[in-house]
Amino acid sequence: MAGKIPPEFIDNLLSRVDVVDIVNQRVPLRRAGSEYKACCPFHDEKTPSFTVSPNKQFYHCFGCGAHGTALGFLMEYDRLNFPEAVEELATSVGLELPTEIAFQQGPDNRPLYELMNQAADYFSRQLRQHPQAAMATEYLQQRGLSGEITRDYRIGFAPPGWNNLLQQLGDSNEKIRQLETAGLISSKNDKQYDRFRDRIMFPIHDARGRVVGFGGRVMGDDTPKYLNSPETPIFHKGRELYGLYEARKALKDLPSLLVVEGYMDVVALAQYGIRNVVATLGTATTADHLEKLFRSAPEVIVCFDGDRAGKEAAWKALETALPLLRDGRQARFLFLPDGEDPDSQVRKHGKDAFLAKMDQAQPLSDFLFGKLGEQVDMSTLDGRARLVALAKPYIEKLPKGVFRDMMNQQLARLSGARMPAKPATPARRRSSFRGSRPALMKPIHRAIALLLQYPELASQKNLPRTWMQLETTGTDILKQLLEILQQNPTYTTAVLVEHWEDDSIRHHLGKLAAIDLAITGDQTEQFHGCLQRLEKEARQEAGKQARNKLRPSDMTEEEKKLLRQLYSEKKPG
Ligand SMILES: [Zn+2]
């Protein structure tokens with residue numbers, strides 16, 4: 001995927017953007033010395049440990065270890081894949097994308113996005129102008145929706161009739177084909193017709209605010225009550241969430257997000273000033289959904305009907321959530337009375353009552369132990385032992401960390417069993433977050449890390465060179481880094497990291513660029529030290545090869561010399 005983007009283009013792109021701007025547009029930064037700081041958008045914290053360096057063009061969080069370049073930030077924060085992040089950055093600095101990049105995601109989807117946007121405009125115009133929109137307007141007014149909410153969520157109206165949209169937008173065969181690909185029209189026996197008819201229309205936006213699909217709701221008793229766009233090249237139900245873009249736009253800070261079932265629930269709660277609400281699109285909550293939600297808010301509250309089906313759906317959501325609950329993330333469950341939905345609840349009881357309900361949502365641990373506890377007799381020793389056996393597999397799905405330790409402790413308390421659960425001390429956690437300790441780094445890794453963090457080291461004269469004979473991926477990368485920097489001495493850390501096409505190399509370099517090297521002395525000396533140790537490795541490697549030749553007469557003069565050198569090195573002193 002990334003392979004088709006020429007590294008020179010990435011280099012050029014990253015030399016033109018400023019990571020400080022890119023981050024600051026999404027997470028307001030404060031200046032702190034030569035760097036910028038903020039509370040980390042990727043984990044929950046009260047004191048800022050998220051740092052952006054304008055010199056390195058790199059961000060790094062000392063709390064959770066998140067790090068990367070402007071591209072990496074867009075991928076994490078806006079949930080973009082690599083080519084999308086490249087496109088987004090290029091557009092932001094007005095850099096023309098070479099066509100091979102624009103099309104490298106397979107077919108070019110830009111016409112589809114454009115068409116969806118035009119359709120959203122059309123539907124929203126019809127709600128205001130169409131002679132038969134009165135019923136839709138009345139329906140929305142009855143639900144208490146103001147013009148402001150209708151506008152914020154771009155709610156519209158698909159008029160009755162078979163070809164309103166088709167006539168409006170399908171002015172060529174090409175367009176008609178695109179309308180069908182976008183899921184806006186269907187065809188039967190070669191006849192095309194509008195997919196959405198006589199419905200209130202809810203546009204579904206992706207993280208970047210582009211319309212990717214629609215949900216249509218009937219006003220009367222027609223079926224189906226809700227109709228969604230089908231899966232298209234730009235719309236995947238299991239990944240998108242209705243209202244997430246709107247919630248992020250309305251609220252700068254999202255401490256929690258509530259997941260509900262329907263569009264009407266989202267807009268009804270928004271009308272009551274509860275804006276941190278999203279809806280799944282007629283599917284169960286998937287891992288993709290939860291991952292996306294946790295990137296926007298540390299706490300996710302999933303709302304369910306209190307009936308049997310609701311409880312079962314909630315249990316599925318719990319199982320999906322467990323592996324994603326790394327420290328700093330929290331999941332809770334809100335059960336509504338039988339047959340009620342958030343829309344009806346908030347209209348009946350008002351905002352404060354609903355907020356109080358959200359506050360009292362059941363923590364994941366209570367739901368888990370409560371449900372499992374129902375299956376055993378907790379008054380007996382056997383029953384309590386059985387609870388441990390039942391709960392263990394679930395707890396083991398949690399990522400290692402404080403939360404998992406706490407769950408183990410709670411299980412120990414409940415069952416009365418003594419568990420060898422060692423709570424992770426904050427100090428231990430911190431060091432593991434920071435990755436391998438600098439002292440234990442291999443010379444090659446340290447050399448690369450030094451060069452990434454201090455690119456000016458490459459401009460020194462008389463750097464040792466024989467280590468270049470070592471045939472390892474690491475030395476190959478170090479060699480290339482030096483070459484790149486000798487040709488382009490102004491390249492920043494970020495440009496260097498993103499230079500490689502291979503995802504795993506980029507990931508690895510990203511880590512080295514962010515690692516705390518704990519440099520006490522002069523980095524030039526340290527760099528030389530690393531290279532000298534590599535020289536020694538190279539000599540030992542060559543010596544090994546020489547030794548593998550049985551008789552000295554098989555050796556070249558050079559190999560003999562090496563061997564002698566090696567033996568003299570081994571002598572003490
Ligand atoms: Zn962080």
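Axes are lines fitted to C-alpha atoms, for helices over the stretch in contact, and the angles between them run from 0 to 180 degrees between N-to-C directions. The exercises below concern a predicted model.

**Exercise 1. The packing of two helices**

Task: Determine at what angle the axes of helices α20 and α21 cross, and how the two helices are therefore oriented to each other.

Solution.
- Step 1. Locate the elements: helix α20 covers residues 443-453 and helix α21 covers residues 473-487.
- Step 2. Two packed helices are described by the angle between their axes and the distance between the axes.
- Step 3. The axes of α20 and α21 come within 10 Å and cross at roughly 25°.
- Step 4. Angles under 35 degrees count as roughly parallel, and α20 and α21 are therefore roughly parallel to each other.
- Step 5. The crossing of α20 and α21 is left-handed. On the side of α20, the contact is made by I444, H445, A447, I448 and L451; α21 contributes G474, T475, I477, L478 and L481.

**Exercise 2. The surroundings of helix α3**

Task: Explain why helix α3 is described as largely enclosed by the rest of the structure.

Solution.
- Step 1. Helix α3 spans residues 70-77.
- Step 2. A residue is buried if 20 or more other C-beta atoms lie within 10 Å of its own. In α3, the residues A70, L71, G72, F73, L74 and Y77 are buried.
- Step 3. Because 6 of the 8 residues of α3 are buried, the helix is largely enclosed by the rest of the structure.
- Step 4. After α3 comes R79, which has a positive phi near 60°.

For the whole chain of 573 residues, 35% count as buried.

**Exercise 3. The nonpolar cores**

Task: State which residues of the largest nonpolar core touch the most other members, and which residues V266 touches.

Solution.
- Step 1. In soluble globular proteins, nonpolar side chains tend to be buried together.
- Step 2. The largest nonpolar core has 83 residues, of which M201, Y242, V259, V266, V278, V300 and V302 touch the most other members.
- Step 3. Leaving aside residues up to four places away in sequence, V266 touches Y242, G243, V260, V277, V278 and A279.
- Step 4. There is also a second, separate core of 58 residues, with L71, F82, A447 and L496 among its members.

**Exercise 4. Two open sheets**

Task: Give the strand order and the sense of pairing in the sheet that contains β1 and in the sheet that contains β13.

Solution.
- Step 1. Strands of a sheet pair through backbone hydrogen bonds, either parallel or antiparallel.
- Step 2. One open sheet of 5 strands has the order β1-β2-β3-β4-β5 and antiparallel pairing. Its edge strands, β1 (30-32) and β5 (67-68), each pair on one side only.
- Step 3. Between β1 and β2 (residues 35-38) there are 3 bridges in the antiparallel sense, and R31 stands opposite Y36.
- Step 4. Another open sheet of 5 strands has the order β13-β12-β14-β15-β16, with mixed pairing. Here the edge strands are β13 (277-279) and β16 (362-363).
- Step 5. Strand β12 (residues 256-260) and β13 run parallel and are joined by 3 bridges; L258 stands opposite V277 in β13.
- Step 6. Helix α14 (residues 308-321) lies across β14 and β15, at about 155° to β14. Helix α15 (residues 342-359) lies across β12, β14 and β15, at about 140° to β15.

**Exercise 5. A hairpin**

Task: Find how many residues lie between strands β7 and β8, and which residue there takes a positive phi.

Solution.
- Step 1. Strands β7 (residues 185-188) and β8 (residues 191-194) pair in the antiparallel sense over 4 bridges.
- Step 2. K188 stands opposite K191 in β8.
- Step 3. The hairpin has 2 residues between the strands, and N189 takes a positive phi near 45°.

Key:
Residues numbered from 1 in each chain as written. Predicted model: local features only at pLDDT ≥ 70, side-chain atom pairs only at ≥ 80, totals over all residues. Core = buried A, V, L, I, M, F, W, Y, C linked by C-beta atoms within 7 Å. Buried ≥ 20, exposed ≤ 12 C-beta atoms within 10 Å, placed from the backbone. Contact = placed C-beta atoms within 7 Å. Pairing = 2+ DSSP bridges. Parallel < 35°, antiparallel > 145°, perpendicular 65-115°, else oblique. Left-handed = near helix turned anticlockwise from the far one by under 90°.
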